[in-house]
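Subject: Structure handover

Hi,

Here is the structure I promised to pass on. Please open it and keep it in view while you read my notes below.

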Amino acid sequence: MAPPKRFPERDEIAAVREEATALEPGTESPEKRRLAGRVMARRGHGKLTFLDLVDRSGRIQLLCDESRVGAIDVNLGDVVGVTGSPARSRRGEPSLAVDALELLSENRSPLPDTFHGLTDPEIRYRKRYLDLLMNEETRETFLLRTRIVTSIRSYLDAEGFIEVETPILQPRYGGAFAHPFVTHSNELDADLYLRIATELYLKRLIVGGLERVYEIGKDFRNEGVSYKHQPEFTMLEWYEAYADYRDTMARIEELLERVALEALGTTTVRFRGHEVDLRRPWARIRFVEALERHELWTRDADELRARLERRGVDTTQDKDWPQLVDHAFSHVVEPELVQPTIVHDYPIELSPFARATDDDPTLTERFEYFAGGMELGNAFTEINDADEQQARFDMQSQHVGGEPGDPDYVEALSYGMPPTGGLGLGIDRLAMLLSGRETIRDVILFPTLRPEAS
RNA sequence: GGGCCGGUAGCUCAGCUGGCAGAGCAGGGGACUUUUAAUCCCAAGGUCGUUGGUUCGAAUCCAACCCGGCCCA
């Protein structure tokens, strides 16, 4: 006979467990509860069988007395629904004394070792369902990730930002320095790029008068993988009309402190062997000063290359000054930014969308913020003048791997864009930091892997 | 892209100085009414990542390749 198609009026295991814990050992409550979940342990004892039932909320022992339930014919991994009463075993284990047990879905494949669990990273990533089933920490990590995103949304929604969706398939890519994935539309007979950022479309919406917009979505970068890089990752970008980068700094500090408290209950996390506290205010340092501290600030490319080489840094991949200074920063400064730090006023060559500072036209109102030795995001006072933006694109075209430019975007700016503060936040990296997971693959449900050999 | 490490039963791992492919858990059969890595008995379970080479003989030695991890770029 086919198993039931539903199991209504279900209670959560965590709640029933709490109820059972309040009882005296060896006693049973008169209340009736219904639980459903997966059988993750079985201890047969003749006409009495102990099962461990697991749902999203937790785990509880089932006491199955054959004289009450009938014969118990379940295997590890079966999905069952039970009715019974909260109880405590003689040894004090919170349990449900079962009156009726229904098999809802049979497990036909042996589960991984119930003691050692599933540890092989390759199987954990390729068959994430098994990882989630076997490893409670994995379930907790992804539930935390969801709370983080929920918290971000509720903050931005309450602040009057509207959530939008912009194209993933784009005729031009831009908004970051990265290699794109290219695909092809048969109908349009045109190559399209998978977006590397949402930046340029979101700012078109600011031109259009939406004033406060954000998008949480996947970006794609056709580049190497590392503990903090995946080809497909999740980014938040927001744009706020009539704000500058100082307003934006205040907002991101407020948001991340709040997200930590809401999702985790504390602002203090352990990450890569460090204790990191996200409480406001964060440290701030100018980009130039951060490099000066290491005697790595110079606008002379040859001199900078020499200083880096002297430190044993391989600069053979760095073609020009912007690449050298970026390398110097990410190699020397970034790893030491363990406590939350805002680095601000970046050189204009590295910042094609940020307005120049008031007192130095070679620097821009841009900041990046770091924690745990890792960049979390990037923000600026947006260029809102079409001519100035075109001049920046022209400047970029002189640099290797510079921003490719986007005439359609410049045209949008020509209609006038309010002064705007914009920001990007790497959701995966934030999830790493708050969960204490040391690799980005552990906070992405299905990370990109090479296809298995057939 | 380079270096190092790994891939043996569904899972966790032994075996690797060449000589019959193993254990625990899971899965199958049986015993057991308070266990919680329950216990006990029985039977079963394999493309030793792939391909080639050396050898009387290869999981084991050699080469290439595939997949993964860590580090470097």
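Start at Leu76. One of its backbone N or O atoms lies 3.3 Å from a phosphate oxygen of RNA strand B. Keep in mind that this is a predicted model.

Two other polar contacts are worth finding. At Arg450, a backbone N or O atom lies 2.7 Å from a phosphate oxygen of the RNA strand. At Asp314, the side chain takes part instead: one of its polar atoms is 3.5 Å from a sugar or linking oxygen of strand B.

Now look at the whole RNA surface. Which residues come nearest to RNA strand B? They are Gly44, Ser89, Arg91, Asp113 and Glu122, out of 38 residues around the strand. By class, this surface has 14 charged, 13 nonpolar and 11 polar residues. Strands β1 (33-45), β2 (48-55) and β3 (58-65) each supply at least two of its residues, and so does helix α3 (121-126). On the RNA side, sugar or phosphate accounts for 61% of the atoms within 4 Å of the protein. Bases make up the rest.

Next, the protein interior. In soluble globular proteins, nonpolar side chains tend to be buried together. Here the largest nonpolar core has 43 residues. Ile152, Tyr369 and Leu425 have the most contacts inside it. Helix α7 (residues 245-264) gives the most to this core, with eight residues. Another core, of 23 residues, lies apart from it and includes Ala290, Leu291, Leu308 and Leu363.

Finally, zoom in on Ile152. Among the residues it touches are Ile216, Leu236, Leu255, Val259 and Leu425.

Best wishes

Note on methods:
Residues are numbered from 1 along each chain as its sequence is written. Chains are lettered from A and ligands numbered from 1 in the order in which they are written. This is a predicted model: local features need pLDDT of at least 70, side-chain atom pairs count only at pLDDT 80 or more; totals for chains, interfaces and linings use all residues. Side-chain values use heavy atoms; hydrogens and water are left out. A nonpolar core is a set of buried Ala, Val, Leu, Ile, Met, Phe, Trp, Tyr and Cys residues joined through side-chain atoms within 4.5 Å. Buried means under 20% relative accessible area, exposed over 50%, partly exposed in between (1.4 Å probe, protein chains only). Helices (H or I, at least four residues) and strands (E, at least two) are DSSP runs, numbered from the N terminus. Contact means heavy atoms within 4.5 Å. A residue is near a molecule or strand if one of its heavy atoms lies within 4 Å of it. A polar contact is a pair of N or O atoms within 3.5 Å; within protein, one must be able to donate a hydrogen and the other to accept it, and residues adjacent in sequence count only if both atoms are side-chain atoms. Ala, Val, Leu, Ile, Met, Phe, Trp, Tyr, Cys and Pro count as nonpolar, Asp, Glu, Lys and Arg as charged, and the others, Gly among them, as polar. Lists of a residue's contacts leave out its neighbours within four places in sequence.
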